[in-house]
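Student: Can we go through this structure together? I'd like to start with one residue and work outwards.

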Amino acid sequence: MMTMVFAVEEINSNSNLLPGVKLGYWIIDSCDHVHNSLRALFSLVSQSKAVMKNITEERMEMSTQSETLPSCLADSPVSAVIGLASSSPTRAVAHTLGPLHLPLVSYFATCTCLTDKHMYPSFLRTVPSDLFQVRGLVQLVTFLGWFWVGTIGTTDDYSHYGIQEFSNQFRQRGGCLAFHLTIPKSPTAAEIEEMADRLQSSTSQVVVVFAAEGQLLDLLSEGTLGFSFPGVRIPGLKEFLLNIRPSPGPGMEFVNMFWEELFGCRLEFKGASADENYKVGGEKPVCTGLEDLRYSDSSYTDVSQVRISYNVYKAVYAIAHALHTLLNCDSAGQNKGMCEKHKPFTSGQLLHHLKKVNFTNQFEEKMYFDSNGEPVPLYDIINWQKDSKGQIRFVKVGSYDGSAPLKQQLQMEKNTIVWTKGQSQVPVSQCTAPCPPGSRQARRPGEPHCCFDCLPCAEGEISNQTGSTECTKCPEYHWSDKDKVKCVAGIEEFLSFYDTMGIILVTLTLLGVVLTTIITTVFHRFRYTPIVKANNSEISFLLLLSLKLCFLCSLVFIGQPSVWTCQVRQAAFGLSFVLCLSCLLVKTIVVLLAFRANVPGSRALKLFGPSQQRTLILCTTAPQVCLCTGWLLGAPPFPFRNPNYQASTGKIVMECKETWPPGFYLVLSYIGLLAFLCLLLAFLGRKLPDTFNEAKLITFSMLIFWAVWISFIPAYVSSPGKFTVAVEVFAILASSFGLLLCIFVPKCYIILMWPERNIKKGMTGKYLR
């Protein structure tokens, strides 16, 4: 109030602003109450009308003596209203003054609801709206890492709208409200205890409060952070305040009450009535009125950084500048250098010029109102700190400029903040600590999203940041490490020539090839002996060649798969074994027919000569050739990196992808068909003479062949990774060794160890030991 008086007197003594015009004021107490505010407003309006009537009558009587007219402005003695402090009374007054277009400039009513120009067309303010304060609060809270906070408010509009807007913006930034408490106007002891219990039981360590200081003094003692208006030191204000003295005159009631409260005395004025004297009690001394304010310790004399009072100061100057423009004080007319103080104007015209005010004050602050009648949103961030004497002092720890770019609005100095119990570490307020890398946050049903459980990422997924809500799937052919924090390239696995298993299989393959070559050499060396000639030596050599191919085809399965090896391996396997089984089938038939040739009148062996044997081999091999050719041309296998085993082994299996899986099973089925025919025919000839029974050897070799491949199928299907290929190679080698050893080793044994049995009689069973 006294700052407003000071500003008016400062303007009146300033010859550059409103020259020739003296500003006056009328102070009425609203008691921070809606009803009292409206009553004061009606009192102000009625007083204005009465004064206006007196001025009009005086002008009519003394129209020729203009120099004796009162020095009031031409229209109404009340051109504008400065106030009020609280939002709820301000809304009531602004709503009433709106239709009258009488400017109302508030210095402390911050409710966002007052931004509505349809409801409050004549309302302006020198204090930023709560909209900016809320934005700043949200940025401040999230900047300090607080996403789990409670809110406390009162029952007025400032608190209601402020908390509502804060909650909306805070949720948009990912925050959660732990609780909300409303302080009643007159709380009972039970209500206070219930609120205290709620605060103590909450996991939130931070509370956002929208209330006046007096309602939350206990909370402020904890290290509080808050938004305040920029403070300045107004030159001359302190001297003005120190020169104030009590007086029985009108308008001094506030000063007199303050004086008695500050000095603990009672005022008695000579010649004043009992009502005019402020008697507090006989026990208090009488004030002299000369007490020195310089030696008092109160916020009244502490004007080093005025904040709310500075908003009042700016409001007075804004109105003065609007009047300056309205009264053409800068014009070079008849009254050069003087305002046209008798120029008639309406409150609406003053409001129009007030909205367009734009000047820079003595503190280098640009003063103007935006389209909503609000100033530039500037705030200081204040920390309540205790000094060495235990007294609360306000320390600026940051600033907020709502007009700056988004990332430059909030400026903070964390190291200057003192937190609860003198700590320098920023408190942590969270429902659940952010999940560490390698896990993700899973919301708890029915609870805010700030409350969650931490679940480890699944295999093949990672999260490399703290607080991840989702795990990221690794790229193809990559896998998560053991901590699930980074993707690593999968280790390619295939049956290599350098693996132990690969070396063993290659060794067995070479052994088979060498053994086959040795047997071929023996048979070629003794090709004219009866035991070699007995079953058509040409078919025996062809069978040995096919067995050598069977051994060699297993090498195509070992090593890293490529386009050509994938296409060749199954075809080579299918054709070599079909050729082998075709030769065995012909040998079995020849054996059976050879022993039937002893039957009188039998011409079967003559009808199944060498040419017919070659034709049968060709005919039984041709279907497999056609099947393999069609398979490779229509749907050839191709190299494929199989990631299915990464979950268990972390390795990528290099294998040949079968585009048409039935192709492999058809090839295998045809081999099985020929093997079955060989086994059946050999089984029919099992009772031939024991001296040399070729059919019995073929039967035994086919039994081994069937045992190998029947066990191969389930082992092939169930084997993981490179073991699938190893099982197939083992089956090829086992069946090839079975055929080679069962059919040719007994003959080589006779050729080399019992040459005397290698005669024609030995072949027909007529040879006896």
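Student: Is Pro-377 buried or exposed?
Tutor: This is a predicted model, so every value here is computed from it. Pro-377 has a relative accessibility of 6%, so it counts as buried. The cut-off for buried is under 20%.

Student: Where does Pro-377 sit?
Tutor: Look at the loop between strand 9 (366-368) and strand 10 (378-386). Pro-377 is in that loop.

Student: What does Pro-377 touch, leaving out residues up to four places away in sequence?
Tutor: Pro-128 and Phe-132 are on the list. So are Tyr-400, Asp-401, Gly-402 and Ser-403. Take Asp-401: it is 24 residues from Pro-377 along the chain, yet their C-alpha atoms are separated by 5.9 Å.

Student: What about contacts in the chain as a whole? How many join residues at least 24 apart?
Tutor: Count the contacts between residues at least 6 apart in sequence. Of those, 65% join residues at least 24 apart.

Student: And how much of the chain is buried?
Tutor: The chain has 769 residues, and 45% of them are buried. It exposes about 39800 Å², with 58% of that supplied by carbon and sulfur atoms.

Student: How many helices and strands are there?
Tutor: There are 23 helices and 21 strands.

Student: Let's pick a helix. Which residues of helix 11 are buried?
Tutor: Helix 11 covers residues 347-355. Its buried residues are Ser-347, Leu-350, Leu-351 and Leu-354. Seen down the helix axis, they fall within an arc of 100 degrees, so they line one face of helix 11.

Student: What do they pack against?
Tutor: Three elements: strand 2 (104-106), strand 3 (123-125) and helix 10 (308-326).

Student: Now helix 9. Which residues are buried there?
Tutor: In helix 9 (residues 253-263), they are Val-255, Asn-256, Trp-259 and Glu-260. Their arc is within 130 degrees, so they too line one face of their helix. Helix 1 (2-12) is included in what covers them.

Student: What comes after helix 9?
Tutor: Gly-264 follows helix 9. Its phi is positive, near 65 degrees.

Student: How many residues of helix 3 are buried?
Tutor: Eight of its 11 residues are, so helix 3 (residues 87-97) is mostly covered. Ser-87, Ser-88, Pro-89 and Thr-90 are among them, and so are Ala-92, Val-93, Ala-94 and Leu-97.

Student: New topic. How many cavities of 30 Å³ or more are there?
Tutor: Two. The largest cavity has a volume of about 80 Å³.

Student: What lines the largest cavity?
Tutor: Its lining includes Thr-126, Pro-128, Phe-229, Pro-230 and Asn-311. Lys-314, Glu-365, Pro-375, Val-376 and Leu-378 also line it. By class, the lining has six nonpolar, two polar and two charged residues. You met Pro-128 earlier, as a residue that Pro-377 touches.

Student: And pockets? What is the volume of the second largest one?
Tutor: About 500 Å³. The second largest pocket is lined by 21 residues. Glu-655, Cys-656, Glu-658, Tyr-716 and Thr-724 lie nearest its centre.

Student: Which elements give two or more residues to that lining?
Tutor: Four helices among them are helix 15 (563-596), helix 19 (661-684), helix 20 (694-718) and helix 21 (722-743). Strand 20 (638-642) and strand 21 (651-657) also do.

Student: Which classes are in that lining?
Tutor: The second largest pocket has 10 nonpolar, six polar and five charged residues in its lining.

Definitions and conventions
Residues are numbered from 1 along each chain as its sequence is written. This is a predicted model: local features need pLDDT of at least 70, side-chain atom pairs count only at pLDDT 80 or more; totals for chains, interfaces and linings use all residues. Side-chain values use heavy atoms; hydrogens and water are left out. Buried means under 20% relative accessible area, exposed over 50%, partly exposed in between (1.4 Å probe, protein chains only). Contact means heavy atoms within 4.5 Å. Accessible areas come from the Shrake-Rupley method with a 1.4 Å probe; for residues, only the protein chains shown count as cover. On a 1 Å grid over the protein atoms alone, a cavity is a set of points where a 1.4 Å probe fits but cannot get out, and a pocket is an open set with protein on both sides within 12 Å along at least five of seven lines; lining residues have an atom within 4 Å of a point. Grid points are joined across faces, edges and corners, and a volume is the space filled by probe spheres set on the points. Ala, Val, Leu, Ile, Met, Phe, Trp, Tyr, Cys and Pro count as nonpolar, Asp, Glu, Lys and Arg as charged, and the others, Gly among them, as polar. The arc is that of the directions from the helix axis to the C-beta atoms.
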